Amino acid sequence: MKRSRPVIAGVLVALTCGPAGCGLTSGSPMVDDVSPGSIGQGEPLKGADLTVTSKSFTENLILGAMMGIAFQAAGADVLDRTGIQGSIGSREAVRNGDADAMYEYTGTAWITYQGNSEPITDPQQQWQAVHDADLKNGVTWLPPSRLNNTYALAMNQANFKKYRTRTLSQVAALSKSDPKAVTLCVESEFANRADGLPGMEKAYGMAVSASRITQMDTGIIYTQVQKGTCTYGEVFTTDGRIKSMNLVVMADDKKFFPNYNAAPVINSEALKKWPAIAKVIDPVTKKLDNTVAQDLNAKVDVDGEDPHQVALDWMKKEGFVK
């Protein structure tokens, strides 16, 4: 399930499908002038030809670039096939060996790829379950990051000062004590998903009438929440616009929403051939959390910077590469 988003930038690739399955048909070499910093010492991937892929939305483009830059610093030649539309294409590329590695989200795999309907509330247990289930698919999940790109509700500062809600339980209480106070702006997908609005309302006992729920595109939600057109809007917890618009995110105090922790996903044969992949990318993964993601995503979505350059600048700033 990672929710679909527009392409902001990146190298787009074509996905062709035939009787033998789906394959990537384009890409370009990553040619960053980088050398080992705190990662890649001794160039343990020297001689490796690795293909990195990603989905087409901002955050995943940045993560894909980070991965490719790390592999280059460790000595690998890297082919950039980031920017695949949708979730299935990039997933299949890693599974069938057309690509070697990407950052994927635990909730996406558990619900969309592996067909489960009930998320696991503990993030580490969720990752472990996904990891174990995917081994038979020729895909190995490396340890996850704290970056959790899941659903949330957010409000602007004016409404926060007026209603003082900090949790979804408090929003539910407000929807009953003052029904007119709670208006929602949401995507159509979120409005109809069991792990979206209907499930959230059921889990928290919310009472929001249909007349007070407006469906709209993702990008519009943020601006409408900022303006106060709706009291609460559906957001993604790592979106850079949360910080740039100074929105207040409601805590999911009952842990209803699935965990979408980003983790490196590697083709198992590629990892067997180049086991140093795990050691090279692990420090990068450990540094990723929602604050880092919001800052980097904002550089692209708010400031208009290029995702690959944003990733490169961050990797150098953190000392991972030189």
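**Packing around strand 8 and the helices beside it**

In the predicted model, helix 9 spans residues 218–227, and its buried members include T218, I221, Y222, Q224 and V225. These buried residues bring helix 9 against two strands introduced further below, strand 8 and strand 9 (184–186), and also against strand 11 (232–236) and helix 10 (240–244). Helix 9 also holds K227. With a relative accessibility of 63%, K227 counts as exposed, because that value lies over the 50% cut-off. The C-alpha atom of K227 is separated by 9.7 Å from that of M155, although the two positions lie 72 residues apart in the numbering of the chain. Helix 9 is followed by G228, which has a positive phi near 90°.

A little further along comes the disulfide. The count for the model is one disulfide, and C185 and C230 form it, with their sulfur atoms 2.2 Å apart. The torsion about the S-S bond is about -120°, so this disulfide is left-handed. The link joins distant parts of the chain: C185 belongs to strand 9, whereas C230 sits in the loop between helix 9 and strand 11, and the two cysteines are 45 residues apart. Both C185 and C230 are buried.

Strand 8 (151–155) deserves a closer look. Five of its five residues are buried, which leaves the strand mostly covered. In a regular strand the side chains alternate between the two faces of the sheet. In strand 8, Y151, L153 and M155 point one way, while A152 and A154 point the other way, and all of them are buried. What are the pairing partners of the strand? One is strand 11, which runs antiparallel to strand 8 and is joined to it by four bridges. Within this pairing, A152 stands opposite V235 of strand 11. Another is strand 12 (residues 248–249), which pairs with strand 8 over two bridges, again in the antiparallel sense. Here A154 is the residue that stands opposite V249 of strand 12.

Helix 8 is a further element that packs against strand 8. Helix 8 covers residues 197–204, and L197, G199, M200, E201 and Y204 are buried in it. Besides strand 8, the buried residues of helix 8 pack against helix 6, strand 9, helix 7 (188–192) and strand 10 (213–215). Just after helix 8 comes G205, with a positive phi of about 65°.

Positive phi values also turn up in residues other than glycine. R164 has a phi near 55° and is placed in the loop between helix 5 (157–163) and helix 6 (168–177). N246 likewise has a phi near 55°, and this residue lies in the loop between helix 10 and strand 12. As for accessibility, R164 has a relative accessible area of 45% and is therefore partly exposed, since partly exposed covers values between 20% and 50%. N246 is at 45% relative accessibility, so this residue too counts as partly exposed.

Ahead of strand 8 in the chain, N148 occupies the loop that connects strand 7 (139–141) with strand 8. Is this loop residue buried or exposed? N148 has a relative accessibility of 16%, which puts it under the 20% cut-off, and so N148 counts as buried. Once neighbours within four places in sequence are left aside, the contacts of N148 are with T237, T238, P258, N259, Y260, N261 and N290.

One of these contacts, N290, falls within helix 13 (residues 290–301), a helix that packs with helix 1 (residues 58–73). How are the two helices arranged? Their axes are 9 Å apart and meet at an angle of about 110°. Angles from 65 to 115 degrees count as roughly perpendicular, and helix 1 and helix 13 are therefore roughly perpendicular to each other. On the side of helix 1, the residues that meet helix 13 are T58, E59, I62 and M66, and their counterparts in helix 13 are A293, L296, N297, V300 and D301. By class, this contact is made up of five nonpolar, two polar and two charged residues.

Technical notes:
Residues are numbered from 1 along each chain as its sequence is written. This is a predicted model: local features need pLDDT of at least 70, side-chain atom pairs count only at pLDDT 80 or more; totals for chains, interfaces and linings use all residues. Side-chain values use heavy atoms; hydrogens and water are left out. Buried means under 20% relative accessible area, exposed over 50%, partly exposed in between (1.4 Å probe, protein chains only). Contact means heavy atoms within 4.5 Å. Axes are lines fitted to C-alpha atoms, for helices over the stretch in contact, and angles run from 0 to 180 degrees between N-to-C directions. Angles under 35 degrees count as roughly parallel, over 145 as roughly antiparallel, 65 to 115 as roughly perpendicular and the rest as oblique. Ala, Val, Leu, Ile, Met, Phe, Trp, Tyr, Cys and Pro count as nonpolar, Asp, Glu, Lys and Arg as charged, and the others, Gly among them, as polar. A disulfide is a pair of cysteine sulfur atoms within 2.5 Å. Two strands pair if DSSP finds at least two bridges between them.
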